[in-house]
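Please look over the sequence and the model together before reading on. The paragraphs below go through the fold step by step, beginning with a single helix and moving on to the way several helices pack.

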Amino acid sequence: MVDIYIIKLLVIGLLLLAVTLGSGWIARLPFSFALIYLLVGILLGPYGFELIQFRKEGVFNADLLERITEFVVIVSVFSCGLKIVRPLKFWAWDITARLIGFLMPISIFGIAIVGKLFLGMDWGAAILLGAILAPTDPVLASEVQLTDTNDQDELRFGLTSEGGLNDALAFPFVYFGINALKDNNWDNWFKQWVTVSLIWEIVAAIGMGIIVAKAIVWIDKKVQKRRHSDEAMEDFVAIGIILLTYSLTEIVNGYGFLAVFVAGLVAQRSYSNPEKPLEQLEFLERMEKLMEIGTILLLGSILLFQPMFQYATQSLLVIFSLFLIIRPVGAWISTIGKRSPDSSRQIMRMPTRLLFGWFGIRGVGSIYYLAYAYGNGLKGQLGEQIGWITYTTIVASVIVHGISSTPLMNWYERRIAKHKDATPPATVDEFE
């Protein structure tokens, strides 16, 4: 009798080999790698070969899921920070400020209104659902984000910086929802939520991201001057920055996700050798690919048809509202009057604004917040309701955004190239 562990290794090896050797063909197809991983995960779960068991005796292991997705997110947001080379000036980050300052709250409260008015939730649960589903995903959205440090496209930059930041800045609203579930009397905790969750934890995260990253880079430079470390080991400096930044920030009660994103920005700007962050980025992107496979396989393996069908109507209502109303309208509002960073006379074109509205990809960040909520008081029928709505929304995002991202981004790139050929460089930023 062959050990089931050996069978798992065989399946994982075959999957990695298949997606690697077939990547050239798969990249041309109108769907993402994540959709393949999702289908394989379903086959390896309870409806297939039962090689991935995330439930023991019917009990869901939320703590393990939280830890896995937590690590995936911190690596991804640090990678987002490393990709961004724009100056840390408000004018350069105007689109990010709009997406975080307007679009994220619109998404949270738009979903909350749907939960309150149509799903029978109270405001605390509805805001928690909105906070879980609001973050866009830095892991699954690689096709629509910055490709490298030389990519200065406004759409890609906006989606990359949004994905790096809103995975952290949705946390205060997750805390709000959890507090409201535990205590309906907001007077008992609202002031502390404002001072600690909304102010201190954000300020602490930004400060720790700067301090820890600068300290590690300074130490790295000093050590390298005395004796060069093994080249094969240098990429692990990035992992050290990620883990130390995240852990130290959590110790001082700050938002670790935000600190790690800031640390990526700081590390990118702190090395005198510009190739060092690029080497770290290549290493992290390979890690991200492996972790994407693992997390989406897990998502596929935990899906159960009966509860998905039970909450199908509610899930479809949330999906329709989020994908076709809340996100597009929020993106349109957020980009009103947005001008090109290269030309103050040119307003962002409507097709670009529509793409911002469409590419609100949901994924690993939402799974993390859901698992975190499970570990902090979300349970019972409400836990089942929010959980299956979240899983179904992520599955829908993997399918519809996975199918549409490649053709839409190819169209976007063609339109940009065509507009650049027809317009003087000083006025080119968007397309007709």
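Which residues of α17 are buried? In this predicted model, the buried residues of α17 are V364, G365, S366, I367, Y368, Y369, L370, A371, Y372 and A373. Helix α17 covers residues 364-374, and with ten of its eleven residues buried it is mostly covered.

The chain around this helix can be described in a few totals. It contains 18 helices and two strands, and 55% of its 432 residues are buried. Among the contacts in the chain with a separation of 6 or more, 81% join residues that are 24 or more positions apart.

Two individual residues show what such contacts look like in detail. S79 lies in helix α4, which runs over residues 62-83, and it counts as buried because its relative accessibility is 0%. When residues up to four places away in sequence are not counted, S79 touches L281, E285 and E288. L322 has its place in helix α15, residues 312-334, and is likewise buried, with a relative accessible area of 0%. Although L322 and S107 are separated by 215 residues in sequence, their C-alpha atoms are 7.5 Å apart in space. With residues up to four places away again left out, the residues that L322 touches are I111, L133, R327, P328, R362 and T393.

The next stretch to follow runs from α11 through a loop into α12. Helix α11 consists of 16 residues, 236-251, and reaches 22 Å from its first C-alpha to its last, which is close to the 22 Å expected at 1.5 Å a residue. Its buried residues are V237, A238, I239, I241, I242, T245, Y246 and T249. In reading such a list it helps to recall that an α-helix has 3.6 residues a turn, so residues three or four places apart point the same way.

After α11 comes N253, whose phi is positive, near 65°, and this residue lies in the loop between α11 and α12. Most residues other than glycine have a negative phi, whereas N253 has a positive one although it is not a glycine. With a relative accessible area of 36%, N253 is partly exposed.

How do the helices on either side of this loop meet? Two packed helices are described by the angle between their axes and the distance between the axes. For α11 and α12, the axes come within 8 Å and cross at roughly 140°, and the two helices are therefore oblique to each other. The crossing of α11 past α12 is right-handed. On the α11 side the residues that meet the partner are I241, I242, T245, Y246, T249 and E250, and on the α12 side they are G256, F257, A259, V260, A263 and A267. Sorted by character, the residues of this contact of α11 with α12 comprise eight nonpolar, three polar and one charged. Several α11 residues named here are also among the buried residues of that helix, including I241, I242 and T245.

Helix α12, residues 256-270, also packs against α7, at an angle of about 150° and with the axes 7 Å apart. At that angle α7 is roughly antiparallel to α12, and α7 passes α12 in a left-handed crossing. The contact is made by S161, G164, L165, D167, A168 and L169 of α7 together with F257, L258 and F261 of α12. The residues of the contact of α7 with α12 divide into six nonpolar, two polar and one charged. F257 of α12 appears both in this contact and in the one with α11.

Helix α7, residues 154-169, has a further partner in helix α16, residues 350-358, and these two pack at an angle of about 25° with their axes 11 Å apart. That angle makes α7 roughly parallel to α16, and the crossing of α7 past α16 is right-handed. Here α7 contributes E154, L155, G158 and L159, while α16 contributes T352, L355 and F356. Of the residues in this contact of α7 with α16, four are nonpolar, two polar and one charged.

Notes: Residues are numbered from 1 along each chain as its sequence is written. This is a predicted model: local features need pLDDT of at least 70, side-chain atom pairs count only at pLDDT 80 or more; totals for chains, interfaces and linings use all residues. Side-chain values use heavy atoms; hydrogens and water are left out. Axes are lines fitted to C-alpha atoms, for helices over the stretch in contact, and angles run from 0 to 180 degrees between N-to-C directions. Helices (H or I, at least four residues) and strands (E, at least two) are DSSP runs, numbered from the N terminus. Angles under 35 degrees count as roughly parallel, over 145 as roughly antiparallel, 65 to 115 as roughly perpendicular and the rest as oblique. A crossing is left-handed if the near helix is turned anticlockwise from the far one by less than a right angle, and right-handed if clockwise. Contact means heavy atoms within 4.5 Å. Ala, Val, Leu, Ile, Met, Phe, Trp, Tyr, Cys and Pro count as nonpolar, Asp, Glu, Lys and Arg as charged, and the others, Gly among them, as polar. The expected span of a helix is 1.5 Å times one less than its number of residues. Buried means under 20% relative accessible area, exposed over 50%, partly exposed in between (1.4 Å probe, protein chains only).
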